[in-house]
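Please keep the sequence and the model side by side while reading, since the paragraphs below move from one region to another and are easiest to follow with both in view.

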Amino acid sequence: MSENKLVLRKKEECKWDLVSLGEVMLRLDPGDVRVATARQFTAWEGGGEYNVARGLRRCFGMKTAIVTALADNPVGRLLEDLMLQGGVDLSHLMWTKYDGVGRTVRNGLNFTERGFGVRAALGCSDRGHTAVSQLKPGQIDWDEIFGKEGSRWLHTGGIFCALSESTPEVAKEAMVAARKHGVIISYDLNYRDSLWKAIGGKARATEVNRELAKYVDVMIGNEEDFTAALGFEIEGVGDDLGELDSANFRKMIEKAVATYPNFKAVATTLRHAKTASVNDWGAVCYYEGKFHEARPMPNLEIFDRVGGGDSFASGLIYGFLNDKGADWAVNCGCAHGALAMTTPGDTTMATFDEVQRIMKGGGARVQR
């Protein structure tokens, strides 16, 4: 297996610690009821790639930016306002002229109910013809972002690349530019059946992700992602993704690293959903020829599971950006992901002090 090491650009040479490329949608949350019976919704911003940048900014104090596009209408301006509250830099947000009704361009909506007990969480996306899905190669000056401004890390993923025929090309363009400027590239596979089923399903997802994987330094995913998006079968895991044995994931990661020697690190979250409200939660990371497993969190109580994997990614990346070592990084990601699932919305509300307390095995005794 490859034992190559992550080599980061110097912090003082870069404007950004991390730049994310991806989608930002308006999440409409019905709270304790169901989408189909709701009479009111709480609005949050969210998106797989954006959530990582926001988590790094709000929880860990890193300088982050998002490269995305929105339709210029009141919904887009609401998303802008929500993102401004999140502290992620928007200087590379592209505004697209709105046609009045959304025939040609619009902003994505994501209706998501949390689930409870035996009732699983449920998402219903309304995101066709979005501004970000219409991005094409040549529209973004990556040499400006990675060269003149400077970034230590690029993060993107499978959600962005499932939006259209052109978005994987944009991701590849960004990755090639990032490599030229010595920027570390992470990619979260984030397989979503709803995004791929009308454009070729798992076969197309595997084709797209296998091509982009050639440019990735840090590959991130969960049990379903590596199977559906990269085609690596995990022994002992059935279709229901039940009992998760970290030893089987280690075998899968070994295969992935052998296939893609450019992978410097591979990280996967481990989740067994006993109910929507109680999950076994953990994570494994491969780095420099060694495996590091986070302290397992059995019977973790879940308030809102959406965004747990993204918060894991931001904690993991923070650890690598700050030379904390792979063991510290995977435990940081695991703790941050666990905390993110105790609050509503896609994005983290955790503090760094809380993350460190969970990493040390701290309990839920009142803090005052």
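Two residues are said to be in contact when heavy atoms of theirs lie within 4.5 Å. The model shown here is a predicted one, and a useful place to begin is Thr 347, which lies in the loop between α11 and α12. Thr 347 is buried, with a relative accessible area of 6%, and, once its neighbours within four places in sequence are left aside, Thr 347 is in contact with Glu 45, Tyr 50, Asn 51 and Arg 54. The C-alpha atom of Thr 347 is also separated by 8.3 Å from that of Val 306, although the two residues are 41 residues apart along the chain.

Among these partners, Tyr 50, Asn 51 and Arg 54 are buried residues of α1. Nine of the eleven residues of α1 are buried, so this helix is largely enclosed by the rest of the structure; the buried set also includes Gly 48, Glu 49, Val 52 and Leu 56.

The two helices on either side of the loop that holds Thr 347 can be considered next. Two packed helices are described by the angle between their axes and the distance between the axes. For α11 (residues 326–340) and α12, the axes come within 9 Å and cross at roughly 115°, and the two helices are therefore roughly perpendicular to each other, with α11 passing α12 in a right-handed crossing. On the α11 side, the contact is made by Trp 328, Asn 331, Cys 332, Ala 335, His 336 and Leu 339, and on the α12 side by Phe 352, Glu 354, Val 355, Ile 358 and Met 359.

Two of the residues in that contact, Trp 328 and Phe 352, lead on to the aromatic side chains. The structure holds nine aromatic pairs. In one of them, the rings of Phe 60 and Phe 352 have their centres 5.5 Å apart and their planes at 65°, and because planes over 60 degrees apart count as edge-to-face, the pair is edge-to-face. This pair links distant parts of the chain, with Phe 60 in the loop between α1 (48–58) and β4 (64–72) and Phe 352 in helix α12 (residues 352–359), 292 residues apart. Phe 60 is buried, with a relative accessible area of 8%, whereas Phe 352, at 21% relative accessibility, counts as partly exposed. Ring pairs link Phe 60 and Phe 352 with Tyr 318 and Trp 328 into a cluster. Trp 328 has a charged partner as well, for the charged end of Lys 324 sits over its ring, 5.2 Å from the centre. Another arrangement of this kind is found at Trp 95, where the charged end of Arg 77 sits over the ring, 3.7 Å from its centre.

Two further loops remain to be visited. Leu 135 is found in the loop between β7 and α3 (142–150) and is buried, with a relative accessible area of 2%. Leaving aside neighbours within four places in sequence, Leu 135 is in contact with Ala 69, Met 94, Ile 140, Phe 160, Ser 166, Thr 167 and Val 170, while Leu 135 and Pro 168, 33 residues apart in sequence, are 9.9 Å apart in space, C-alpha to C-alpha.

Is Val 118, in the loop between β6 (109–113) and β7 (122–126), buried or exposed? At 87% relative accessibility, Val 118 counts as exposed, because that value is over 50%. Val 118 and Thr 275 are nevertheless 5.4 Å apart in space, C-alpha to C-alpha, with their positions 157 residues apart in sequence given as their separation.

Methods:
Residues numbered from 1 in each chain as written. Predicted model: local features only at pLDDT ≥ 70, side-chain atom pairs only at ≥ 80, totals over all residues. Heavy atoms only, no water. Phe/Tyr/Trp six-rings, centres within 6.5 Å; stacked < 30°, edge-to-face > 60°. Helix = DSSP H or I, 4+ residues; strand = E, 2+ residues; numbered from the N terminus. Buried < 20%, exposed > 50% of the residue type's maximum accessible area, 1.4 Å probe, protein only. Lys NZ or Arg CZ within 6 Å of the ring centre and 35° of its normal. Axes fitted to C-alpha atoms, helices over the stretch in contact; angles between N-to-C directions. Parallel < 35°, antiparallel > 145°, perpendicular 65-115°, else oblique. Left-handed = near helix turned anticlockwise from the far one by under 90°.
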